[in-house]
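Work through the exercises below with the predicted model open beside you. Try each task before reading its solution.

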Amino acid sequence: MAEPRENLQMEKIVSLCKRRGFVFQSSEIYGGINGFWDYGPLGAELKRNVKELWWQAMTRQRDDVAGLEATILMSPKIWEASGHVATFSDPMIDCKTCKGRFRADQTGEISCPQKPSQCVQQCHGEKTEARAFNLMFQTYVGPTATAEDLAYLRPETAQAIFAQFKNVMETARQKVPFGIAQVGKAFRNEVTPRNFIFRSREFEQMELEFFIKPDEVIEAIHGAVATPEIPGPDSPALEPQPNWGWQAWHQYWVEERVRFYQGIGLDRSTLGFHRQTPQELAHYARACTDILFKFPFSKKDEQGNVIGDELEGVAARSDFDLSQHQRFSGKPMGVFDDELRAAWAKLPKEKSDDLWRRYYENRKNYLLKSGVEAEPASRQATDDANGLAKGQYIPHVIEPSAGVDRLILALLANAYSETTETDDKGKSETRVTMRFHPRVAPIKVGVLPLLKNKPDIVKKALEIRDALRPWMNVFYDEAGSIGRRYARQDEAGTPFCVTIDFDTLGENPERLDTVTLRYRDDGRQERLKISELRDWLLARIR
RNA sequence: GCGGGUGUAGUUCAAUGGUAGAACGGCAGUUUUCCAAACUGCUCACGAGGGUUCGAUUCCCUCCACCCGCUCCA
């Protein structure tokens, strides 16, 4: 059984996180609280770096994405529209005899684990009353704590993006296709928080909702929907094209996201992919590709290959979300497209009839599945399809949704490496090095005076620290032997250290104003001029 | 929520029905000290609450947390 070893690996990581200040248990002095974790000094830096890199890549480096920072508490109607009020509060029944737990509305369909010939409803197990399992945290807005004041802590950040879709589009002066990005906390009262920070009750998400034209619109404007080749891992990323349909956009975002992970040190070989099957997909979703990371606790498939657990889901969610908010709020969520209206007028009749029909079917299908009666559904779908001919449509969306804390855990697991060395006396010791990519490393450079009792060396070291500080996170350390300080920085994952010695001060005139630069991963050292230090480091940490 | 396991310094471990030791770490100091050097000194723990007992870290109960399995995972 390989399980104890994998468990050991997680235990080592958890222990290091505590010891070095990456992650602490929340409320530890009171015995902790299940499903909540705090980030210590190094963890806070690591997390900040990750979020900033995401924000940089997803918004600032692009013309077609705008940012948003919405509130955690919102109108509860948002969660009715999104479906969370309904799906997050399933009544459950426990069986005291067989220890099973079942959805109360399915006891007539699920077979009893002990007597598969009978359904749960019929078997003789002693069952509890149905109890509501609401996975959304509740609170009250206002002092009266009545049912009208009930509110929920958001279980995902995405819905605020949909709710603010029109405002953002207008103020950012964007046109479809474009996206809205948001980073923020989300809360789920998980039944079983597990695996350290992998599944917790308070967590952070980095979500993009990228709005695209429905395929019918692309066809009307461009004649056909493009199906581009997926570029190989080493070829340059695709440039988005105006004639892309949802499949091309979906593939594009999966690829973009994988490149992001590679850019912060997660090699493709550490990742896995899972394309959700039709059974797994939500009814409104067209496709969803999960990007997985092979965690120490991840399970293996029949062939013994590690499967991985979800870092991010890239979902093609059709026009479901905006449609829901349009229906529940009564506010139009569609957009108007000049190009579409002009193109539509020039379409051959059979083409426009075909597109009209397909759009109509999609809209009717959505409405029926959302519980709208047949007749009003077809009336509404007719209106929607007529709107298409006038240049109006509800955008579809591609949603790359990533968990920050899961990514942090992936980076920790990926960086963790240990080497055991045996000295002359036969005493062996294990050293840990956190091989973070310099972009995410909490500390970029350690500044170390060789000796702390030599004022000139210390003074010079402090000057260097102060010169680098505005540009990167610097850690100054003068305590203990130089080797000990290197080792401390290795455990923190600091990619570079500079050491100031007597040569720096001119004891060896050729080396005046130079420092030792030491690499974390192999201990290699070279001599670098102080005047070149800042640019040398900046080139490697960005 | 159910079943199993675990809970002793910051970390990893030890011992004990008579209130706890070590290693490593951390802090301070000495040292022209470049890979956890050496030496000196110091700091830090029985998850919480009850019960049994003259006395509980040790036995019992409850709770909390962590790990594993089941369940859940929009």
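**Exercise 1. Place Glu399 and Arg317: are they buried or exposed, and what joins them?**

Solution.
- Step 1. Check the accessibility: Glu399 and Arg317 are both buried.
- Step 2. Look at the charged atoms. Glu399 forms a salt bridge with Arg317, and the closest N and O atoms are 3.9 Å apart. The cut-off is 4 Å, so the pair counts.
- Step 3. Locate the two ends. Glu399 lies in strand β16 (residues 396-403), and Arg317 lies in the loop between β13 (309-316) and α9 (320-329). The salt bridge therefore ties together parts that are 82 residues apart in sequence.

**Exercise 2. Which elements does the salt bridge of Lys47 and Glu204 link, and which residues share its network?**

Solution.
- Step 1. Start with the distance. The side chains of Lys47 and Glu204 meet at 2.8 Å, N to O.
- Step 2. Assign the elements. Lys47 belongs to helix α2 (residues 41-60) and Glu204 to strand β10, 157 residues apart.
- Step 3. Check burial: both Lys47 and Glu204 are buried.
- Step 4. Follow the shared partners. Lys47, Lys51, Glu204 and Asp405 are joined into one network of salt bridges.

**Exercise 3. Compare Arg19 with Glu491: which is buried and which is partly exposed?**

Solution.
- Step 1. Find the pair. The whole structure holds 39 salt bridges. One of them joins the side chains of Arg19 and Glu491, at 2.8 Å from N to O.
- Step 2. Place the partners. Arg19 sits in helix α1 (residues 3-20) and Glu491 in helix α15, 472 residues apart.
- Step 3. Apply the cut-offs. Buried means under 20% relative accessible area, and partly exposed lies between that and 50%. Arg19 has 47%, so Arg19 is partly exposed. Glu491 has 10%, so Glu491 is buried.

**Exercise 4. Describe the surroundings of strand β9: which strands pair with β9, and in what sense?**

Solution.
- Step 1. Take one side. Strand β3 (residues 65-67) runs parallel to β9, and three bridges join them. Ala66 has Ile180 in β9 as its bridge partner.
- Step 2. Take the antiparallel pairing. 10 bridges join β9 to strand β10 (residues 202-212). Here Gly179 stands opposite Phe210 in β10.
- Step 3. Check the cover. Strand β9 spans residues 178-187, and nine of its 10 residues are buried.

**Exercise 5. Lay out the open sheet of five strands: what is its order, and which strands stand at the edges?**

Solution.
- Step 1. Read the order: β20-β19-β21-β22-β23, with mixed pairing.
- Step 2. Find the edges. β20 (474-476) and β23 (525-529) each have a single partner strand, so one side of each is left without a neighbour in the sheet.
- Step 3. Add the twist, which averages 30° from one strand to the next.
- Step 4. Inspect one pairing. Strand β19 (residues 445-449) pairs with β20 in the parallel sense over three bridges. Val445 has Val474 in β20 as its bridge partner.
- Step 5. Add the helix. α14 (residues 455-468) lies across β19, β20, β21 and β22 (514-519), and runs at about 165° to β19.

**Exercise 6. Where is Thr494, and which residues does Thr494 contact beyond its neighbours within four places in sequence?**

Solution.
- Step 1. Place the residue. Thr494 is in the loop between α15 (482-492) and β21 (496-500).
- Step 2. Check exposure. Relative accessibility is 1%, so Thr494 counts as buried.
- Step 3. List the contacts. Beyond those sequence neighbours, Thr494 touches Ile443, Lys444, Val445, Gly446, Gln489 and Arg520.
- Step 4. Pick out the polar contact. The side chain of Thr494 meets the side chain of Gln489 at 2.6 Å.

**Exercise 7. Which residues touch the most other members of the largest nonpolar core?**

Solution.
- Step 1. Recall the background. In soluble globular proteins, nonpolar side chains tend to be buried together.
- Step 2. Name the residues. The largest core has 63 residues, and Tyr261, Leu407 and Phe436 touch the most other members.
- Step 3. Mark the other core. A second, separate core of 31 residues includes Phe211, Leu322, Met333 and Tyr360.
- Step 4. Return to Tyr261. Leaving aside neighbours within four places in sequence, its contacts include Leu266, Leu271, Ile291, Leu311 and Leu407.

Notes:
Residues are numbered from 1 along each chain as its sequence is written. Chains are lettered from A and ligands numbered from 1 in the order in which they are written. This is a predicted model: local features need pLDDT of at least 70, side-chain atom pairs count only at pLDDT 80 or more; totals for chains, interfaces and linings use all residues. Side-chain values use heavy atoms; hydrogens and water are left out. A nonpolar core is a set of buried Ala, Val, Leu, Ile, Met, Phe, Trp, Tyr and Cys residues joined through side-chain atoms within 4.5 Å. Buried means under 20% relative accessible area, exposed over 50%, partly exposed in between (1.4 Å probe, protein chains only). Contact means heavy atoms within 4.5 Å. Helices (H or I, at least four residues) and strands (E, at least two) are DSSP runs, numbered from the N terminus. Two strands pair if DSSP finds at least two bridges between them. A polar contact is a pair of N or O atoms within 3.5 Å; within protein, one must be able to donate a hydrogen and the other to accept it, and residues adjacent in sequence count only if both atoms are side-chain atoms. Axes are lines fitted to C-alpha atoms, for helices over the stretch in contact, and angles run from 0 to 180 degrees between N-to-C directions.
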